[in-house]
Amino acid sequence: MNIKTKIVSLFFIILSLGFSLSVRAAEKNQIPIDEETIFICSNLDMYADFALNGRDSAMPRDAAFKIVSDSMKRNLKTSTDTLSAYVAVVGKLYDLIYADPAIKRTGAQAAIVEACSQYKGRKADKRAINDYLDQHPLSAWDPLERVPLCEKIAQSASNLAAARDKGISKESADAMARGGLQNDQLTLRSVPQLLTEVYENPDVGTFYIYGYNVARCRAKEKNEKYLELREMNSRIRNCQKLEKKDDELQCVRTMFDL
């Protein structure tokens with residue numbers, strides 16, 4: 001996928017998400033963080049990748065940034081001041097990544113936070129931005145999208161189940177999961193439990209694993225207890241017995257309130 005295609009794809013993600021994001025600062029007085037700033041911060045990972053690719057291939061910073069900024073100006077349809085501010089943030093991100101060779105793909109979030117905190121000169125709370133990004137990691141299914149942590153954990157569990165079903169060993173699946181989650185420590189913490197559940201319940205399919213982990217994580221966020229996977233075997237079997245696939249999927253959705 002070329003830069004233009006990626007940026008156009010990002011634009012449609014921006015349209016579909018809308019400016020509905022909000023987060024409060026982690027400071028004691030809970031100062032609200034501007035929704036537009038958080039939105040911009042949530043959509044910089046692709047540009048960090050571009051900057052890393054340019055730097056690591058020895059492309060001069062200005063040349064690499066010009067390719068991206070020109071494409072942004074051609075393809076992102078928004079107000080002039082917002083577009084200019086967005087491009088400026090991406091430029092700052094390029095400055096930070098090119099200036100520090102120690103920044104790798106697993107450590108780009110600090111640079112993203114630093115760059116986007118300066119959006120439109122607002123000097124947004126960096127700790128609050130970082131906390132928000134931690135709670136909304138990059139999707140395991142769509143590298144252009146950030147999703148709530150519960151969704152990411154469920155996606156990762158489903159991926160482990162898919163690996164299991166392909167005959168991949170537990171140890172190999174563990175290694176792949178850990179390699180892919182180096183930049184997502186909160187999801188990474190869940191991997192041992194997910195692996196155990198997935199490989200100890202070989203008859204529980206990927207969609208069941210996904211739905212169960214969404215429901216359990218949401219309950220945990222509310223400090224509520226949730227049944228162990230093995231305790232749901234009878235309900236899962238009832239869904240599995242349904243002859244029509246659509247009926248089975250609806251059964252799973254109902255069971256896990258999806």
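Which residues does L93 touch, not counting residues up to four places away in sequence? In this predicted model, L93 touches L44, Y47, A48, A111, I112 and A115.

## Nonpolar cores

L93 belongs to the largest nonpolar core, a set of 41 residues. Together with L44, Y47, V90 and Y94, L93 touches the most other members. Two or more residues each come from α2 (35-41), α3 (45-56), α4 (61-75), α5 (80-99), α6 (109-116) and α7 (126-135). Helix α5 gives the largest share, 10 residues.

Another core lies apart from this one. That second set has 28 residues, including C150, A177, V191 and L194. In soluble globular proteins, nonpolar side chains tend to be buried together.

## Largest pocket

The largest pocket has a volume of about 900 Å³. Its lining comprises 38 residues. Nearest the centre are L138, S139, P143, K152 and G180. Helices α3, α6, α8 (149-165) and α9 (170-180) each give two or more residues to the lining. By class, the lining holds 20 nonpolar, 10 polar and eight charged residues.

## Second largest pocket

The second largest pocket has a volume of about 320 Å³. Its lining consists of L149, I153, L186, R189, S190, Q193, L194, N213, R216, C217, K220 and E221. The elements that give two or more of these residues are α8, α11 (191-200) and α12 (206-221). Helix α12 provides the largest share, five residues.

The lining divides into five nonpolar, three polar and four charged residues. L194 lines this pocket and is also a member of the 28-residue core.

Note on methods. Residues numbered from 1 in each chain as written. Predicted model: local features only at pLDDT ≥ 70, side-chain atom pairs only at ≥ 80, totals over all residues. Heavy atoms only, no water. Core = buried A, V, L, I, M, F, W, Y, C linked by side-chain atoms within 4.5 Å. Buried < 20%, exposed > 50% of the residue type's maximum accessible area, 1.4 Å probe, protein only. Helix = DSSP H or I, 4+ residues; strand = E, 2+ residues; numbered from the N terminus. Contact = heavy atoms within 4.5 Å. 1 Å grid on protein atoms, 1.4 Å probe; cavity = no way out; pocket = protein on both sides within 12 Å on 5 of 7 lines; lining within 4 Å. Points joined across faces, edges and corners; volume = space filled by probe spheres on them. Nonpolar A, V, L, I, M, F, W, Y, C, P; charged D, E, K, R; others polar.
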